[in-house]
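Grab a pencil and work through these exercises with the structure open beside you. Each task comes with a solution that goes step by step.

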Amino acid sequence: MRLFIEASSVVAVFVVTNNVCLCLGLGIGSGQLQGTVKYLAKSSHLLRSANSDDVVDTDILGKESSSMDVTSKEGKKLTKQEEIMMLLNREPATGEELEQRCIECELEQERLQKEKKTNIGVAVLTFVAAVMSYFWQYFHPMPAVQLLANMQRESAPISVIGSNGKPTVIDFWASWCSNCKAEAPTMKQIEELYGNRVNFIMVNADQGDAWPLIERFGVDAIPHMAMISSSGIVETALIGEIPGAILKADIDALLKEEDPTLPYVMYDAFHDRPEMRKISFTPLPL
């Protein structure tokens, strides 16, 4: 192969020489002569390129092809996306595949629309249910006696008085007491406001097992609310229906210090027995 290429190079040079001589002899113009020389020089350059690794010079052949649009095997002009797919050695999607993708996109959009409508419907129904529940409870409040009984079931044990570092409020009530029933919603709000920072204990004075507590706290009227410091000292007792603002003021004072001075003081059940003012209960063994 190389002998053939070298021979061809010699022939090309020979042809160039003869053509030059012929042109000079026949009086051919210099422009024609230059064109012939350029053509033969390009041919010689291609032959030299083939002689070195048989690679065609892309600078010569690529200039013409770079200005042409990329086409497929069938001669169809390709889009930019199809050109990129071809450079990545991936076949462009067929018409059927594109149509299938469009169908899948439409189905996904329909699914998302249905899901959105469902979520909106659930949110609306939840809101309506919450509003209806609020108005039902507003116009049909829980009976005060039931509210007091529920609060007593959720009460802290009596043994926490003076033992867990929290102040305590003990409310003695009865089902026949109108003031107890009137202040029940206020007591519920106070409990929710202070949460576990205060020990709230409800005692139904009508129950037989409440009698020892009635005697211990000197209860002689209902409602009777004993306000006890975190160290277990009974600071005062509030009698009757007490406004929420007064309850909060005394509870805030109990929370500030161990030996507080309450802003509102009413009944002192231990004025004649001050040694009993300190409350301490031993928890029952399990």
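A residue counts as buried when its relative accessible area is under 20%. Keep in mind that this is a predicted model.

**Exercise 1: the overall layout**

Find out how many helices and strands the protein chain has, and what share of its residues is buried.

*Solution.*
1. Count the elements: there are 9 helices and 4 strands in the protein chain.
2. Now walk along the sequence, and you should get α-α-α-α-α-α-β-α-β-α-β-β-α.
3. Apply the cut-off for burial: of the 286 residues in the protein chain, 28% are buried.

**Exercise 2: the sheet**

Work out in which order the strands sit in the sheet, and which of them are the edge strands.

*Solution.*
1. Line the strands up side by side: the order is β2-β1-β3-β4, and the sheet is open.
2. Look for strands that pair on one side only: these edge strands are β2 (199–204) and β4 (234–239).
3. Check the directions. β1 and β2 are parallel, with 6 bridges, and W173 has N204 in β2 as its bridge partner.
4. β3 (residues 224–228) and β4 are antiparallel, with 5 bridges. Here H224 sits opposite I239 of β4.
5. Put together, the pairing in this sheet is mixed.

**Exercise 3: a strand tucked away**

Is β2 largely enclosed by the rest of the structure or not, and why?

*Solution.*
1. Start with a general idea: side chains in a regular strand alternate between the two faces of the sheet.
2. Sort the residues of β2: N199, I201 and V203 point one way, while F200, M202 and N204 point the other way.
3. Check both groups for burial: all of these residues are buried.
4. Since 6 of the 6 residues of β2 are buried, the strand is largely enclosed by the rest of the structure.

**Exercise 4: two packed helices**

Describe how α7 and α9 pack, and then say which residues make the contact.

*Solution.*
1. Get the geometry: α7 (residues 178–194) and α9 (residues 244–256) meet at an angle of about 30°, and their axes are 11 Å apart.
2. Angles under 35 degrees count as roughly parallel, so α7 and α9 are roughly parallel to each other.
3. Add the handedness: the crossing of α7 and α9 is right-handed.
4. List the contact residues: T186, M187, I190, L193 and Y194 come from α7, and G244, L247, K248, I251, D252 and L255 come from α9.
5. Sort them by class, and you get 7 nonpolar, 2 polar and 2 charged residues.
6. Finally, link α9 to the sheet: α9 lies across β1, β2, β3 and β4, at about 25° to β3.

Terms used:
Residues numbered from 1 in each chain as written. Predicted model: local features only at pLDDT ≥ 70, side-chain atom pairs only at ≥ 80, totals over all residues. Heavy atoms only, no water. Axes fitted to C-alpha atoms, helices over the stretch in contact; angles between N-to-C directions. Parallel < 35°, antiparallel > 145°, perpendicular 65-115°, else oblique. Left-handed = near helix turned anticlockwise from the far one by under 90°. Contact = heavy atoms within 4.5 Å. Nonpolar A, V, L, I, M, F, W, Y, C, P; charged D, E, K, R; others polar. Pairing = 2+ DSSP bridges. Buried < 20%, exposed > 50% of the residue type's maximum accessible area, 1.4 Å probe, protein only.
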